[in-house]
Every structure is written in C-alpha cells, then in structure tokens.
Amino acid sequence: MQFIYRSVNSFNVKAGEEIVRLPIPAFNQKYLKDATLTRENDCLLIKLRSVGSPKENQIIPLLIGGNTVGYVIPGAALCSNDHEFAENPMFGSFATIAIYKILQSINFEIASIPTSLDDVISEEHFYCIANKKFCKVRSEDEFLNSFFPDLMLNGLFDGKNIDHKFALQLSEIPSDLRSIKLKKANSGAPFVRKAFFSLIPFEKDPFFAFFYAWQVVEFFMLKEFEAKLSAFIKRHEEEKSIVNFRKALDRVNEFSKEKNRIRAVFVDPKLDTLLHEDIEDVYSLISTQLETKKNGNSALEDEATENDVDVPALMLYYIRNTMFHSFEKIESHKDPMGKLIKSLSLYLIKKCS
Amino acid sequence: MPLNSLITLHIKKNMEIKSTLPDRVVQGTSFLLEMSIGEYIAIAKVIIDRNEFQRRRVKSSKTTYSLLRRDIERGCVLPPLVLAHRDTAPGNVATITDLLKSNPDQFIILDGLQRSFTLIDISNEIDGNELEDFLGRGLRCEIYDGVNRAGILYRMLTLNTGQTTMSLRHQIEIMYLDYLTKEVEGVRLIREVDDASVNKLNEYNFREMIEGFNSYIDRNELPMDRADVLDNISSLENLSTENNDADLFAKFLKTWHSFILAIDQLNIEAEKDPDTYHDNLFEAHDEDSKNSFVWGGTGVRIFKRPQAVSGFGAAIGMLRDESEFEDFSNIHMNFEVGAEPHIFILAFNEAIQNINKNARKIGNAQRLFFRMYFKMLFMKDSTSYKNLYKSISLAQNGAERLGI
C-alpha cells in the first residue's frame with residue numbers, strides 16, 4: 001500500500017496495481033504541500049471520545065509553552081470548511097496530515113471502496129494530531145502516558161473502542177474550553193493511564209469502577225510510602241543519635257499502616273468539596289445500615305474526629321473495606337457510588353497531572 | 001491498419017435494431033440494437049469526450065473491472081449497454097440509427113460506463129488481427145428515446161445498480177448540463193471549473209443549484225455524499241409522481257431566482273452604525289471581506305448560499321407533498337420583512353452563529369435551519385407565513401428540536 005499526493009484535489013491511494021482516488025475537501029487542498037511525508041512522520045494521531053457527540057466547532061488547539069503543537073479535531077471538522085478554523089493555515093496543515101494518517105490506519109479495505117472521506121472519518125470521534133518533536137514524545141503511547149490527565153480533565157477519553165458507550169461520564173468538555181495546555185504527568189505508570197483513560201469511563205458498574213480506582217489509590221499509597229522510606233534511609237545515613245533514629249523508625253512503622261498511607265493520599269489540598277460530599281453520602285448510607293454494630297466503627301469514628309482533614313480519607317477507607325469484605329451491604333447504593341467514582345477519579349487524575 | 005481506421009470501417013457496417021418496445025413508465029421507446037464493438041467504441045468515445053460530466057472511470061479493485069476485462073478479452077457476451085437520447089423529440093427506427101452515427105453527442109450512457117472504458121482500453125492495447133477480430137465482435141445496446149429528463153433520471157436510478165453506482169447528484173448533473181450553455185429566463189449558471197465567480201444577481205453556481213434541485217426531488221436538504229441511491233426509494237417515488245412533461249429543473253431554477261429577486265427588491269441592508277452593530281457584520285457586507293463566520297450583511301447575501309438553496313428545495317418538496325401548492329407557479333413571492341432591516345439581519349446572523357456553535361456538523365445544521373425557515377415562510381398555516389423576520393426564531397426552534 002502506498003499513498004501519493006499526486007493530485008491537487010485527491011488522495012491517490014495505490015494498492016498493488018490499482019489506484020483508489022479519494023477527494024480531498026477544498027480547504028485541505030491548499031495545505032497539501034505542507035503535509036509532506038516528512039511532516040507526516042513527525043506527527044502522531046490518536047482517536048478520542050467525549051461525553052456526547054462532538055460539535056464541529058469544538059476544535060481545540062494543544063499548547064506547550066504558548067506554542068501550538070497540535071489540535072484535537074472533531075471528525076466532522078476534518079472534511080468541512082464551515083468551522084472557525086477553516087482559514088487557519090496551521091490547522092489546515094495538521095488536519096491534512098490527520099486525514100492522511102487516518103487513511104493509513106484503516107489500511108484500505110479495497111473490497112469496500114470508500115467514495116468520500118466521510119466514509120472513513122468518524123463524526124463520533126475527535127482526532128488528536130500532534131507534533132512528536134514539540135511534545136517531546138516518541139510514540140502515541142508515550143504521548144498518552146504523558147498527557148492523559150490534561151486530556152481527561154478536559155473531557156476527552158480513549159476513542160479506540162467504538163462499541164462502548166460511556167457509563168460513568170467522568171467529565172464533559174468545558175463549555176469555555178478554547179485550548180488545552182499540555183504538561184507532562186507526574187505518574188509514569190502505564191496502568192494508571194489505562195485505568196482512567198480506557199477503563200473507568202466506560203465501566204457501567206460503579207463497584208467495578210471503584211475496584212479500578214482503588215488500584216490507583218494503592219499506587220499513590222505506595223508512592224507516599226516510598227517517599228517516606230527514602231526520606232528515612234537518607235536520615236539513617238546521616239543520623240548519629242540512636243534515639244532519634246529509633247523515633248524515625250517508629251514513625252515509618254506507623255506510616256506503614258494502611259489507614260495512614262490512605263490519609264497521605266487524601267491530604268492533598270486539591271481534595272475538593274465535591275469529593276468530600278460524595279464520600280460522606282456513601283459513608284452515611286452504609287453506616288446507617290450498620291448502626292447496630294457501632295462497636296466495630298468506634299475506632300474509625302474516634303480517629304475521624306482527631307483531624308477534620310482526615311475524615312474523608314478514613315470514610316473512604318471504611319467504604320473500601322465494606323466494598324471488599326461486605327459487598328452485600330453496599331450493593332444497593334449504586335447511584336451515590338457512581339457519583340463518588342466520578343469525583344474520586346477526577347481527584348486522582350488531578351493528582352497525576 | 002491503425003485503430004481509428006479500423007473503427008471507421010466498422011461504423012460503415014449497419015447496426016441492426018432487433019426489438020422496439022414502449023416503456024410506459026417513462027413514456028418513451030426502448031430500442032434494442034446489435035452493433036459491433038468497433039461501432040460502439042466510436043459512439044462511446046464521443047459521448048465520453050463531449051460530456052464533461054460523464055463520470056470518470058473508477059480505478060478500483062482487481063476483482064471487478066479487471067476481471068471483466070479479462071472476460072471480454074476471452075470473448076464473453078457483455079450485458080446490454082444502456083444509452084439514452086437526450087433530445088425529447090421521439091425518434092423512430094430509421095432516425096435512431098442515423099442519429100447514433102451522425103450525432104452521438106446527443107446520447108448519454110446510462111449504464112455501462114465502466115464497461116465502455118474497458119472496451120476502449122482493450123482496443124488501445126491490442127493490434128493486428130487480434131484488434132480486427134475484437135472490433136468486429138457484436139454487442140447489444142439498449143437505447144431510450146423520446147424520454148424527458150425526469151424519465152431518463154428515473155431510468156438511470158433503476159438501471160444503475162451495478163458495482164459502482166453513480167451518486168444521484170452526479171446523475172442529475174449529467175442530465176442538466178445543457179443548462180450551462182443556455183439561459184433560463186435570464187438566469188445564468190456558472191460552473192466552478194470555469195474559473196468564473198458568481199457576482200451578478202442572475203448568476204448561480206451550477207453545482208449548488210443541482211444540489212438544491214436534488215434536495216427538492218429527495219425532500220431532504222442533506223448533501224447526497226453518503227446516500228445509497230438504491231436505498232433512496234422515496235426519491236424514486238417522488239419522481240414518479242411528478243408530471244412527466246414538466247422540465248422540473250428549469251421550473252425549480254426560475255422559482256429560486258424569483259425568490260432572490262423578491263428579496264433583492266426589499267432592499268434589506270444593515271446600517272453602518274458601529275454603536276449599534278457588531279463590526280463583523282459590516283466586514284461581511286464588504287465584497288472583499290475574508291470573514292466567513294458572519295453569514296451576510298444584506299438580504300441577498302443571506303439567502304444566496306448553497307445551504308439556503310438546499311433548504312429551499314427540501315422545504316418546497318415537502319410542502320408540495322403536503323398539498324400546500326400544486327405547482328411551482330403557485331408559489332407567490334411577496335414577503336414582508338417583519339422588522340427593521342438591520343434588526344432582521346442581526347437576528348439572522350445571530351441565529352446562524354448559534355447554529356454554528358452548537359452543531360455536530362455545521363453545514364447540515366445550516367441546511368436544516370433553512371429547510372425549517374422556508375417551511376415556515378411558505379406554509380399557509382404558519383404564524384410567520386410570508387414574514388421573513390418571524391420565520392427566523394421559528395426555524396431556529398424547529399431545527400434545534402429536530403437536532404442539529
């Protein structure tokens with residue numbers, strides 16, 4: 001398969017001896033010169049989805065340090081000159097490369113000859129086209145690992161699985177969104193991206209989504225513990241007083257308790273009131289059911305009063321325990337659990353950014 | 001002997017009419033002819049060369065036309081190729097064969113264009129005895145004569161069921177290409193490839209008018225890019241109910257032009273008062289303006305757009321189905337603006353901007369808006385009947401309700 005920009009108004013796609021000609025929308029034609037093969041290799045293309053169908057004018061420039069490094073483009077805008085970016089040369093260039101790469105990615109099924117680009121470009125998707133060099137990434141995977149929090153916090157998710165309907169509707173595209181400023185995520189673990197970008201938004205069962213989210217909580221708990229441990233090791237190398245060393249070791253031992261590690265994850269100032277409320281809602285529902293077993297909760301309640309900031313973390317810990325060990329007590333609370341997943345996920349994504 | 005001489009030799013042989021049958025649906029005559037491949041190639045070449053809108057060849061799969069080509073070379077019998085005589089004056093047995101020889105440019109290929117390309121290809125690539133044998137072989141050709149445009153179009157739709165169907169718009173373009181050379185009551189059609197721009201009031205873009213007409217016969221304002229012609233039963237039904245004697249396209253063209261003339265006579269223009277109006281509105285009013293995001297600063301500019309023509313076509317088609325009028329001549333073009341001209345222009349631009357902001361596909365949403373607008377404008381029971389200003393909000397609500 002070979003793609004040729006021979007014509008000014010069409011993509012000629014060579015498959016063996018045959019040539020399939022796909023017309024290029026008028027507005028893209030003048031940018032063909034820029035969309036050379038070299039430029040094409042510099043760019044990456046990722047399919048994205050949003051809650052609700054994309055609107056043609058929802059074209060979102062991607063910025064790094066004030067420079068445009070790419071665009072998120074609704075499928076409908078790729079083949080149209082009705083939108084606000086139709087006269088923008090930089091957009092035209094990126095859009096043309098995006099079309100080229102879409103043609104490459106479908107690897108032309110010659111048996112079903114498309115008669116126009118509309119046949120191969122999905123209007124239900126966004127297409128993210130970005131310059132690899134400017135983004136300082138080498139592949140689509142690396143781009144997503146680096147920038148998925150910024151995409152997700154602006155309502156964009158994995159667009160690969162077209163059959164999945166959104167279930168949890170984590171976040172919608174903000175109505176005033178004019179661009180996305182990309183900055184590299186601080187979490188390099190690919191499974192975190194996988195959980196948030198590809199699994200949780202599509203999961204219909206909030207309890208299963210909670211399970212995914214809790215893996216990420218555990219990941220942050222581990223990171224907190226590792227930070228504490230490395231601080232202790234550093235101190236161990238420098239500490240001369242055995243008494244002080246012992247005290248430091250006690251603090252590490254204390255921190256290693258699950259509850260304390262969870263607290264560390266949720267003491268972040270970014271913890272918003274929405275998450276706080278959602279945790280309280282679920283907690284109050286299940287704790288009311290368990291009033292008769294108050295003794296079992298006393299420790300939790302005592303601790304909860306120690307420090308207000310810690311309350312949501314401890315409540316969440318309690319919800320987690322109920323979820324994993326007494327699921328029947330929580331399974332009727334699907335709606336509040338769904339709300340909690342949404343705010344919990346957004347909080348954790350913010351922590352990744 | 002060179003190819004052209006060989007073909008000429010074959011033309012001299014008499015083609016034979018084997019059967020003549022009346023087609024009662026399209027009210028014409030169908031002739032079945034036998035002729036040599038050489039004769040057919042001579043005719044097909046003229047048709048393809050002279051008719052710039054005749055579809056180009058499809059270079060596609062190994063499994064379709066290249067297989068066909070191999071079969072032809074091995075001597076298979078081709079299914080009859082179908083041609084139509086574009087002049088509606090009925091021919092007869094004697095004249096149709098004469099016409100084929102003397103004026104092949106009066107014919108169009110309804111079905112079998114890709115087969116014709118294959119035949120021409122083969123004749124170009126072989127020579128000597130092999131070529132002579134090939135050109136002398138027989139083929140069957142069916143010719144429709146005395147059929148009006150709607151009838152030919154109807155036949156095109158029902159016949160063109162092969163591997164690569166033409167789009168409905170393309171078929172209509174072929175049908176109406178002679179309007180490019182003649183004026184209909186002062187209306188001039190301009191083709192994009194002519195490098196001419198549409199500047200005068202009586203000038204319209206050929207393709208845009210074709211799209212508008214397409215929307216009329218299909219009762220649908222959307223462009224036909226994706227539509228499968230064969231699935232489009234409704235358009236066939238619509239066509240079959242039209243008066244077969246009518247030249248619908250000319251009537252459609254005249255009706256749209258009379259609408260534009262009526263709007264022009266109302267002198268709707270925005271006042272240049274920067275305190276009251278948005279600057280962009282006046283930029284769009286300027287001939288050289290590059291701001292394409294404001295719809296229009298005058299009445300004519302607002303309506304002389306492809307989306308408006310398509311919406312008009314679809315709305316008029318629907319109203320006709322609802323028996324709002326019997327014929328294009330029953331549509332009366334007397335309107336009231338319904339507000340101060342600048343208020344009307346401002347409201348119209350705001351409506352379009354609102355559509356643009358929220359549309360999943362802006363072009364389609366604008367077409368839907370115009371369909372609703374013209375329905376409100378021309379429907380006698382509408383509260384905004386003949387009122388240009390009142391129809392705006394009703395159209396916008398309607399379009400949003402239907403989903404843009």
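**Notebook: salt bridges and helix pairs**

I started with A:Glu142, which is partly exposed, with a relative accessible area of 22%. A reminder to myself: this is a predicted model.

**Entry 1: the partner of A:Glu142**

I wanted to know which side chain meets A:Glu142 in a salt bridge. It is A:Arg138, and the N to O distance is 3.2 Å. I then checked how accessible that arginine is: A:Arg138 counts as exposed, at 68% relative accessibility. A:Glu142 is just outside the buried class, because buried means under 20% and this glutamate has 22%. The general idea is familiar from the bench: side chains of opposite charge can pair when their charged atoms come close.

**Entry 2: salt bridges in chain B**

How many salt bridges does the structure hold over all chains? I noted 19. I picked two from chain B to look at next.

B:Arg115 pairs with B:Asp111, and their closest N and O atoms are 3.5 Å apart. I asked whether these two are buried or exposed. Both B:Arg115 and B:Asp111 turned out to be buried.

The second pair is B:Arg367 with B:Glu211, joined by a salt bridge of 3.1 Å from N to O. B:Arg367 sits in helix H16 of chain B (residues 362-378) and B:Glu211 in helix H9 of chain B (residues 206-218), so this pair ties together parts that lie 156 residues apart in sequence. Here, too, I found both partners buried, B:Arg367 as well as B:Glu211.

**Entry 3: H16(B) against H17(B)**

I stayed with H16(B) and looked up its packing on helix H17 of chain B (residues 390-402). For such a pair I write down two things, since packed helices are described by the angle between their axes and the distance between the axes. The axes of H16(B) and H17(B) come within 8 Å and cross at roughly 130°, which means that H16(B) is oblique to H17(B). The crossing is right-handed.

Which residues make the contact? From H16(B) I listed several, among them B:Leu368, B:Phe369, B:Met372 and B:Tyr373. From H17(B) the list includes B:Ile392, B:Leu394, B:Ala395 and B:Leu402. Sorted by class, the contact of H16(B) with H17(B) has 11 nonpolar, 3 polar and 1 charged residues.

**Entry 4: H6(A) against H14(A)**

Back in chain A, I looked at helix H6 (residues 140-153) and helix H14 (residues 334-352). Their axes are 9 Å apart, and the packing angle is about 140°. H6(A) is therefore oblique to H14(A), as roughly antiparallel would need an angle over 145 degrees. H6(A) passes H14(A) in a left-handed crossing.

On the H6(A) side I noted A:Phe148, A:Pro149, A:Met152 and A:Leu153; they meet A:Leu346, A:Ile349, A:Lys350 and A:Cys352 of H14(A). This contact of H6(A) with H14(A) divides into 7 nonpolar, no polar and 1 charged residues.

**Entry 5: chain A and one arginine**

For the wider view, chain A contains 14 helices and 9 strands. Of its 353 residues, 52% count as buried. Among the contacts in chain A with a separation of 6 or more, 75% come from residues 24 or more positions apart.

My last look was at A:Arg320, in helix H13 of chain A (residues 311-325). A:Arg320 is buried, at 10% relative accessible area. What does A:Arg320 contact, leaving aside its neighbours within four places in sequence? I wrote down A:Phe210, A:Trp214, A:Glu218, A:Glu258 and A:His325.

Key
Residues are numbered from 1 along each chain as its sequence is written. Chains are lettered from A and ligands numbered from 1 in the order in which they are written. This is a predicted model: local features need pLDDT of at least 70, side-chain atom pairs count only at pLDDT 80 or more; totals for chains, interfaces and linings use all residues. Side-chain values use heavy atoms; hydrogens and water are left out. A salt bridge is a side-chain nitrogen of Lys or Arg within 4 Å of a carboxyl oxygen of Asp or Glu. Buried means under 20% relative accessible area, exposed over 50%, partly exposed in between (1.4 Å probe, protein chains only). Helices (H or I, at least four residues) and strands (E, at least two) are DSSP runs, numbered from the N terminus. Axes are lines fitted to C-alpha atoms, for helices over the stretch in contact, and angles run from 0 to 180 degrees between N-to-C directions. Angles under 35 degrees count as roughly parallel, over 145 as roughly antiparallel, 65 to 115 as roughly perpendicular and the rest as oblique. A crossing is left-handed if the near helix is turned anticlockwise from the far one by less than a right angle, and right-handed if clockwise. Contact means heavy atoms within 4.5 Å. Ala, Val, Leu, Ile, Met, Phe, Trp, Tyr, Cys and Pro count as nonpolar, Asp, Glu, Lys and Arg as charged, and the others, Gly among them, as polar.
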